[in-house]
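Here are some exercises to work through with the model open beside you. Try each task before you read its solution.

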Amino acid sequence: MSETEVLLELTDVKKHFPIRKGVFKKVVAHVKAVDGVNFTIRPGETVGLVGESGCGKSTVGRMIMGAYRPTAGHIWFKPDGKQRTDIASAEPSEIRALRPYVQMVFQDPFASLNPRMTIREILAEPLVVNKVVRGRALEDRIRELVELVGLKIQHLGRYPHAFSGGQRQRISIARALALYPRLLVADEPTSALDVSVQAQIVNLALEIQDRIGLAYLFISHDLGLVRHFSKRIVLMYVGKIVEYAPAEPLFNRPLHPYTEALMSNVPTTRPELVGRRIILKGEPADPINPPAGCPFHPRCNYAQEICSTVVPELREIEPGHLSACHFAESLNLTGCDALGCAI
Amino acid sequence: MVPALDVRDLRVHFLLDEGTVRAVDGVSFSVEPGKTLGIVGESGSGKSVIGQSILRIVPSPGKIVRGEILLRMENGQGEPTQLDMAQIESHGRLARSIRGKEIAMIFQEPMNSFSPVHTVGSQIVEALRLHADVSPQEARNRTVEMLKKVGIPQPEHRIGAYPHELSGGMRQRAMIAMALVCNPRILIADEPTTALDVTIQAQIIDLLKKLQEEFGMAILFISHNLGVISEISHEVLVVYFGRVMEHAPVDVLFREALHPYTKALLRSVPGIDTPVRSHLATIEGTLPDPYANIPGCPFFGRCMECEGRTVCRDDPYSLTKVGPRHFVACPRICVADFA
């Protein structure tokens, strides 16, 4: 992979939140929300970031936005293909200068739009603040955006409360696209929506990507959606990447027991397949005090002695397919095709 | 056999200044002991109001304007009788003696169902002592046993835990323990796994199935998630705009759905056969105006199959039997001279 192809590169990114207690607010422990994450996003591609709640996937998204400063590591961002900036150590003014290139869509379309602004004002704000266009050109750009996301020009004077959840999510997407971003971080953009509306938003996001060629970091817990969307998938568990691979091999030839179990747990609409599921013991590990060795070993059906002592490295097992399991080569895990799961 | 619950032509309307919202408008179903009926629908379909009306906890100004909710009761002589829940006083003593004892309910967010200032154990003990004549010690023992059955480790210790000290999955287990401690005949589960991760969701579904086998209660499982519904249900009710669109055994519904709405819902979720990045099937348009009183098919106008035929708009809504235990409300299928 040549250097020019990379839009965003995370190298050994960590985010540890301190826990303070007592009168003197002494730091007693750290929540290791993200603990050494490496992956890249190329221009125009979709990377899916998957994991259960508390695995650190949203924290990764927020660090890319510059909202959280990583405890360690680098987030190299190269919006124009020439100069790269480290978001992890950039000055606030530098982050502001990068903001147009990386935008975000949030989960809750009811909380992410200001109820006292009309749609026109919501869409104009980023354009005005960043001095992109004004006057007649501003109005033209707003109309262009509204049409891009499938809303009508008559809607511009209305307030967010007049729109359904799906329409609000369209407005959020239009706002994020206003400044011609290169990367869109979408944090669970459809999980508050009904399935029929979710399908509309998914279709819209795919259409927009084909039309204007921007890259997505698609953060979700829904494996089926991530598979539909993503070229490559990063699967996290308690702050660490457990598997990182192109979508097809990840689903059909998983190389980590967690991936296998997670896929088998997705509810299927084919009742004849119920019963093939791998029920995991217990719950995800506590990120304040993760278990020694592999963080997944207390729940893993294949765990051996080494798993409770030695932290497995994320290694390339097959070209482009990385796994953090000591036994990635020897385990014969069942993929989605063989499981017959609905995803 | 007398079913555990028999609901006939249930209508729950909300009388507002702006008009009447027909949240549930002529819904009928029955559930046998030991069986699960899944109720699936999108937001605003009225699925939660169905659950609330059975317990008589529909929020004001909602009213049961018509219909029967027949609950199977044992009169002590082995002869089952039926009690119409729709007729009893919703705040009365009888209703209170049934809630939690005969019919229990679990919700999406267990944090809202537990008092944050009492221990989980004391709340379960309270439920038990309210409905059963047991000594405090006996109640405590049964609570510990119940917590153990729902898979909470160290139940003797956890009985003294406050709700915030438990994780989401454990809280959901504790709520199931509280619901089942009086051995109810009917469990109403309103989106009980929606807030949980898939691995925990799988554990809870597994647990509910095991407990159903052990206690033999009938479950009414309300969810928007077709996958979850298909895993737990024996029969499924697809609701839209307060009406039943399709009612079928689970394997029939997911293999040979007949109603265009059911089919559209199933298609809108990407499955293993969906080509990656392909255009997903959507349902165009939005739900009808909630104040509207639609005599015909409420899906008219969004349906891809009726092509705007007036018979769909005008023919009065009715649910027609098309196979063993399979009912559909679609004029295309049910009206003989549909052209």
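Helices (H or I, at least four residues) and strands (E, at least two) are DSSP runs, numbered from the N terminus. The model is predicted, with local features needing pLDDT of at least 70 and side-chain atom pairs pLDDT 80 or more, while totals for chains, interfaces and linings use all residues. Residues are numbered from 1 along each chain as its sequence is written, and chains are lettered from A in the order in which they are written.

**Exercise 1.** Work out the helix and strand content over residues 7-266 of chain B.

Solution. Start with the record: UniProt, in an unreviewed entry, places "domain: ABC transporter" at residues 7-266 of chain B. Positions follow the numbering used here, feature names are shortened, and such annotations may be inferred rather than shown by experiment. Next, look at the structure of this stretch: it is 38% helix and 28% strand. Finally, its end C-alpha atoms lie 26 Å apart.

**Exercise 2.** Find which residues surround S8(A), starting from its burial.

Solution. Call a residue buried if 20 or more other C-beta atoms, placed from the backbone, lie within 10 Å of its own, exposed if 12 or fewer, and partly exposed in between. Strand S8 (residues 215-220) of chain A then has 6 of its 6 residues buried. Now sort the side chains: A:Ala215, A:Leu217 and A:Ile219 point one way, and A:Tyr216, A:Phe218 and A:Ser220 the other. In a regular strand, side chains alternate between the two faces of the sheet.

Then look for partners, where pairing takes at least two DSSP bridges. Strand S3 (residues 46-50) of chain A runs parallel to S8(A) over 5 bridges, with A:Thr46 bridged to A:Tyr216. Strand S7 (residues 183-187) of chain A is also parallel to S8(A), joined by 5 bridges, and A:Asp187 stands opposite A:Ile219. From S7(A) the chain passes through helix H6 (residues 195-212) of chain A to S8(A) in a right-handed β-α-β crossover (clockwise from the first strand over the helix to the second, with the strands pointing away from the viewer).

**Exercise 3.** Describe the side of chain B that touches chain A.

Solution. Count a contact when C-beta atoms, placed from the backbone, lie within 7 Å. On that basis, 38 residues of chain B meet 35 residues of chain A. Helix H8 (198-215) of chain B is among the elements giving two or more residues, and H8(B) supplies the largest share, 6 residues.

Conventions. Contact = placed C-beta atoms within 7 Å.
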